[in-house]
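Please find below some notes for a colleague opening this entry for the first time. They are best read with the structure on screen.

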Amino acid sequence: MSNVILKARSVHKTYTMGKAEVRVLRGASLEAQAGEFLVVTGASGSGKSTLLHILGGLDIPDQGAVEFEGHDVFAQSQMARNTYRNRQVGFVFQFYHLLPELNVLENILMPKLVSHSALSWLTGRGQAKLEAMDLLDRVGLRERAGHRPNELSGGERQRVALARALINRPALLLADEPTGNLDEKKGADILDLLSEFNEAGQTIVMVTHDARVAARAHRRIELVGGAIQSKRDGSPSVADSDSQPTHALS
Amino acid sequence: MYKWFLAWRYLHTKLIALFGVASVTLCVAMVLVVLSVMGGFLDTVRSRSKGLHSQIVLDSGFLQGFPYYAEFGELVEEELPEVVKLTSPAIYSYGIFRVPATSYTKPARILGVRLDEYLQLNEMRKGLHYERYYPGTTHLGMQQMPVAGFDANGDMQLAQDLREANKKWRQDEKDVDSIANFDAEPFELSMYPKVVPTNVGSRAFALGPEEPGYIGREKHGVIVGCDLLNSRRSDGNFDRHLARGTDVAITLLPLTSRGNVTGEPPVRVPLRYADDSRTGIFEIDSMSVYVDFDFVQHKLGMDAQDLVDGGKSDARANQLLVGIHDGVDLDEAAAQIRELWAGFVETKLMDVSPTDRYPLTEVSVMTWEDMQRPLIAAVEKEKILVTFLFALISIVAIVLLGCIFFMIVEKKTRDIGIMKAIGASSRGVAGLFVAYAGAVGVTGSILGLFIGSLFVWNINDIQDFLANLNPQLRVWSPEIYSFDTIPEVVKKADAIWVAAIAVVSSIVGSLIPATLAGRVWPVQALRYE
């Protein structure tokens, strides 16, 4: 039975740069199954990040639709999209994007802080901290909870970013070149972690231009010229990986 | 929750925020100091003005005075016994104050008062120097010069009545420090000339061998404004150069009832220095000389004069001072007295001489507030103006805060993108910067209130310190500002208002940058490096 969690239909996006219009996405479509590890590959400038931003509700498509669990993300109010980004989606970026004034634990708790009022935080912060420490355990940084981002290596920062993305137990993890700024060893560590979370049921959509990284996914699709490279029947191409999700969402 | 959390974190980790806090601190401190000093100045003007004369004053505004003051005084006491406690006439004129022994001369405002009544009508008693330490010994009647002698042990002693009076003060005085200060300052006794012991030689002041007492010809006493006669020390006290009872004199210029100079030579009136008075208002303390009403009325020719037709003219006074009972509404009392005066004048105008008619019709009934209104209104306007000017300067701080927040938003663009990526709304991000500005405002206000209050509480010490370094740095001149010390009271209400306005201003200053922060497009922000 199909268990599609995310569906993008014919997404178009054009940016205006000065007087020139750059058509980044030209009818890109894709589907992701719950628990799937999907990789979108493509050359630099092919629109991978733009697609990822649109899937996560950070950017708005000019045309087309994105459905999450059957609901059109962009038919919802701005407030509902904010909640979507906070509760249903976790972002991991190439450059980590941690807040430099906060320590590791505080950075991880930030999505929780966004979703709590001052009053509810008073009652819920104990539990939130426990969850954050548990995640820190899983990414192997428990001892670094009080450190600032500038005291961590690139790999450690990315692990913190991963923990932050997962603190609200989102159904969907969107990763934008998460190993792009790391050396091979550290990149592999991050991929191991992603695989580990995926095996625990986490749906992951990752964009990368690195074929070796892409090989870790269940399925790979390629973005070429702003559209998913299609097969002859017009449906999105399947990944060249044989692996398929073998588990449901936890 | 993240708004408060991040605002607080930014506040104590971002150096740039400290500039914002510093600008708010300085503005709050500055406005608080100005408000406190000017407000204190205004309050002092009010409170001192209240205790200067009496609650209600009838005054023609003419130097030659107005007649029937005594008759109206009796009438008002009879007609309004529930309202009026006491009436007392007063004369004011101008003359020359002189100390014959030193040829020291000063222009003086002569006030003729009935001292016993006058002291019941206002707070003058509090400012009398000798009356404080020797209660009951200051009067404006005939008196000699008190001199100190020596007892069998060789200790200096005053006359019996002065000793008793001082003993009474010691018994009644609750402030122990005050007694200690009195004993520590030998100048008090030194103000009384001494009977020199016979075995030393000269006995210029001696009444008898080593006996304290009084010497010299009897003359009317005079109370002199403390700034007219004495030198002000930097600690606010005075150095007294003349002994109590020293011969002084005033020269008067009598006027006819029509206000002309009588044609007689100016009248020189010898007096004895009985005490000095300190109201705390420089204009008064540097000019005023208090003399017995009946005595000065006679000397100025304002008493009842024999007329060529065998009759008598009506005695004149410049003011009729009216004291009212406690709890009586001042304005209501003034209205009642005004009405009574209107009726009284109506009956008198028929038989009054034409020369007296005009001053009589010009008499107005004023409360102490009415009398001091020009001064109070001027100070009020000055307070508003100065506060406004400093508030205007504070607008610069708001603009500065706006610039600081523009820079912060610019610097935090990537963080804004991150916050939006994890679900923060545009309004929430804008709110974060507003909360940040609020935190800057609150911190700056608290620091500003602390520094400002500390400054105001110690403002006189600070001025003394600066004046010790360089006399040119003494900015508070009693000659200009009336009072000998700078007011040093911070009102809670002022502090709360200043702090509240500072916080609101900080928030206002951040609104535009905060709005722009809210509008930051997250995708662009995340690409921002």
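1. Helix α5 of chain A (residues 154-166) has the length expected of it: at 1.5 Å a residue its 13 residues should span 18 Å, and the end C-alpha atoms are 19 Å apart, which agrees. Note that the model is predicted.

2. The helix α5(A) is mostly covered, with ten of its 13 residues buried. Among them are Glu156(A), Gln158(A) and Arg164(A), along with Val160(A), Leu162(A) and Leu166(A). The buried residues of α5(A) pack against β6, α3, α4, β7 and α6 of chain A, and also against α15 (413-421) of chain B.

3. The loop between β6 and α3 of chain A deserves a check of its backbone angles. Tyr96(A) is found in this loop, and so is His97(A). Neither is a glycine, yet phi is positive at about 65 degrees for Tyr96(A) and about 55 degrees for His97(A). Most residues other than glycine have a negative phi. Tyr96(A) is buried at a relative accessible area of 9%, and His97(A) is buried at 3%.

4. Over all chains, the whole structure holds 25 salt bridges. One of the salt bridges pairs Lys112(A) with Glu131(A), with 3.0 Å between the closest N and O atoms. Lys112(A) is in helix α3 and Glu131(A) in helix α4 of chain A, so the pair ties together parts 19 residues apart in sequence. Both partners are buried: Lys112(A) has a relative accessible area of 11% and Glu131(A) one of 17%.

5. Asp192(A) and Arg216(A) also form a salt bridge, their closest N and O atoms being 2.3 Å apart. Asp192(A) belongs to helix α6 and Arg216(A) to the loop between α7 and β9 of chain A, so parts 24 residues apart in sequence are tied together. Asp192(A) is partly exposed at 37%, as is Arg216(A) at 32%.

6. In chain B, Asp247(B) bridges to Lys219(B) at 2.6 Å between the closest N and O atoms. Strand β11 holds Asp247(B) and strand β8 holds Lys219(B), so this pair ties together parts 28 residues apart in sequence. Asp247(B) counts as partly exposed at 32% relative accessibility, whereas Lys219(B) is buried at 11%. Elsewhere, salt bridges with shared partners join Lys13(A), Asp59(A) and Asp62(A) into one network.

7. Which residues make the nonpolar surface patch of about 560 Å²? They are Leu385(B), Phe388(B), Leu389(B), Leu392(B), Ile395(B) and Val399(B). Of these, Val399(B) is placed in helix α14 (residues 368-411) of chain B.

Methods:
Residues are numbered from 1 along each chain as its sequence is written. Chains are lettered from A and ligands numbered from 1 in the order in which they are written. This is a predicted model: local features need pLDDT of at least 70, side-chain atom pairs count only at pLDDT 80 or more; totals for chains, interfaces and linings use all residues. Side-chain values use heavy atoms; hydrogens and water are left out. Patches are made of residues with over 30% relative accessible area and no salt bridge: like charges are joined within 9 Å, nonpolar side chains (Val, Leu, Ile, Met, Phe, Trp, Tyr) within 5 Å. Accessible areas come from the Shrake-Rupley method with a 1.4 Å probe; for residues, only the protein chains shown count as cover. A salt bridge is a side-chain nitrogen of Lys or Arg within 4 Å of a carboxyl oxygen of Asp or Glu. Helices (H or I, at least four residues) and strands (E, at least two) are DSSP runs, numbered from the N terminus. The expected span of a helix is 1.5 Å times one less than its number of residues. Buried means under 20% relative accessible area, exposed over 50%, partly exposed in between (1.4 Å probe, protein chains only). Contact means heavy atoms within 4.5 Å.
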